[in-house]
Amino acid sequence: MLIKKEERRDMEGLGAFSGIVTIVILIAAVLAFLMPFFIFRIRNEIISMNQKMTELVKILGGSNKNDSNIEFTKSGKKVKKCMQCGTNNRYEDYNCMKCGSALL
């Protein structure tokens, strides 16, 4: 039983196709194996960035859990009252507009 030239060409094409599919499946398997390590690394980077941002907010005088100096205006907007001079400042401000002291 001899194989005809046309059938041989078809088999060569099929062999090349199955070889490419095999390589793609191997690459996908390796990446699937390594994926948890990438996810763990990204998770740790996000946690460390969150810690750095929290520390930076504390250093710059950001929001404090004790908001005793926050009041509401008649229009319902939040304002921060300066503990030194008593000036009402915007809620987003970190320093007093009048005296420049830190708003806690």
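Is threonine 87 buried or exposed? In this predicted model, threonine 87 is buried, with a relative accessible area of 19%, a value that falls under the 20% cut-off for burial.

## Overall layout

The protein is built from 1 helix and 3 strands, and when the sequence is followed from its beginning the elements come in the pattern α-β-β-β. Helix H1 covers residues 5–59, while strand E2 takes in residues 78–81 and strand E3 residues 88–90.

Of the 104 residues in the protein, 12% are buried. The accessible surface amounts to about 9400 Å², and carbon and sulfur atoms account for 65% of that area. When contacts between residues at least 6 apart in sequence are considered, 12% of them join residues at least 24 apart.

## An aromatic pair on the helix

A search through the whole structure turns up 1 aromatic pair. The pair is formed by phenylalanine 33 and phenylalanine 37, whose ring centres lie 6.2 Å apart and whose planes meet at 65°, so the arrangement is edge-to-face. Planes have to be over 60 degrees apart to count in this way.

Both residues belong to helix H1, and because they are 4 residues apart there, about one helical turn separates phenylalanine 33 from phenylalanine 37. Phenylalanine 33 is exposed, with a relative accessible area of 58%, and phenylalanine 37 is likewise exposed, with a value of 55%.

## Threonine 87 and asparagine 88

Threonine 87 sits in the loop that runs between strand E2 and strand E3. Once its neighbours within four places in sequence are set aside, threonine 87 is in contact with Lys80, Lys81, Cys82, Cys96 and Lys98. Two of these partners, cysteine 82 and cysteine 96, are themselves buried, cysteine 82 at 4% relative accessibility and cysteine 96 at 6%.

Asparagine 88 has its place in strand E3, and with a relative accessibility of 40% asparagine 88 counts as partly exposed. Not counting residues up to four places away in sequence, asparagine 88 touches Glu71, Val79, Lys80, Lys81 and Met97. The C-alpha atom of asparagine 88 is separated by 9.9 Å from that of phenylalanine 72, a residue 16 positions away along the chain.

## Lysines around tyrosine 91

Which residues lie over the face of tyrosine 91? One of them is lysine 78, at 4.8 Å from the ring centre, and another is lysine 80, at 5.5 Å from the ring centre.

Lysine 80 is found in strand E2 and is buried, with a relative accessible area of 6%. Besides its position over the ring, the side chain of lysine 80 reaches the backbone oxygen of tyrosine 91 at a distance of 3.4 Å.

## Cysteines without disulfides

How many disulfides does the structure hold? The number is 0, and the distances between cysteine sulfur atoms show why for two of the residues described above. For cysteine 82, the closest cysteine sulfur belongs to cysteine 99 and is 3.6 Å away, which is too far for a bond.

For cysteine 96, the closest cysteine sulfur is that of cysteine 85, and here too the separation is 3.6 Å, too far for a bond. A disulfide would require the two sulfur atoms to be within 2.5 Å.

Key
Residues are numbered from 1 along each chain as its sequence is written. This is a predicted model: local features need pLDDT of at least 70, side-chain atom pairs count only at pLDDT 80 or more; totals for chains, interfaces and linings use all residues. Side-chain values use heavy atoms; hydrogens and water are left out. Rings of Phe, Tyr and Trp (its six-membered ring) pair if their centres lie within 6.5 Å; planes under 30 degrees apart count as stacked, over 60 as edge-to-face and the rest as tilted. Helices (H or I, at least four residues) and strands (E, at least two) are DSSP runs, numbered from the N terminus. Buried means under 20% relative accessible area, exposed over 50%, partly exposed in between (1.4 Å probe, protein chains only). A charge sits over a ring if NZ of Lys or CZ of Arg is within 6 Å of the ring centre and within 35 degrees of the ring normal. Contact means heavy atoms within 4.5 Å. Accessible areas come from the Shrake-Rupley method with a 1.4 Å probe; for residues, only the protein chains shown count as cover. A polar contact is a pair of N or O atoms within 3.5 Å; within protein, one must be able to donate a hydrogen and the other to accept it, and residues adjacent in sequence count only if both atoms are side-chain atoms.
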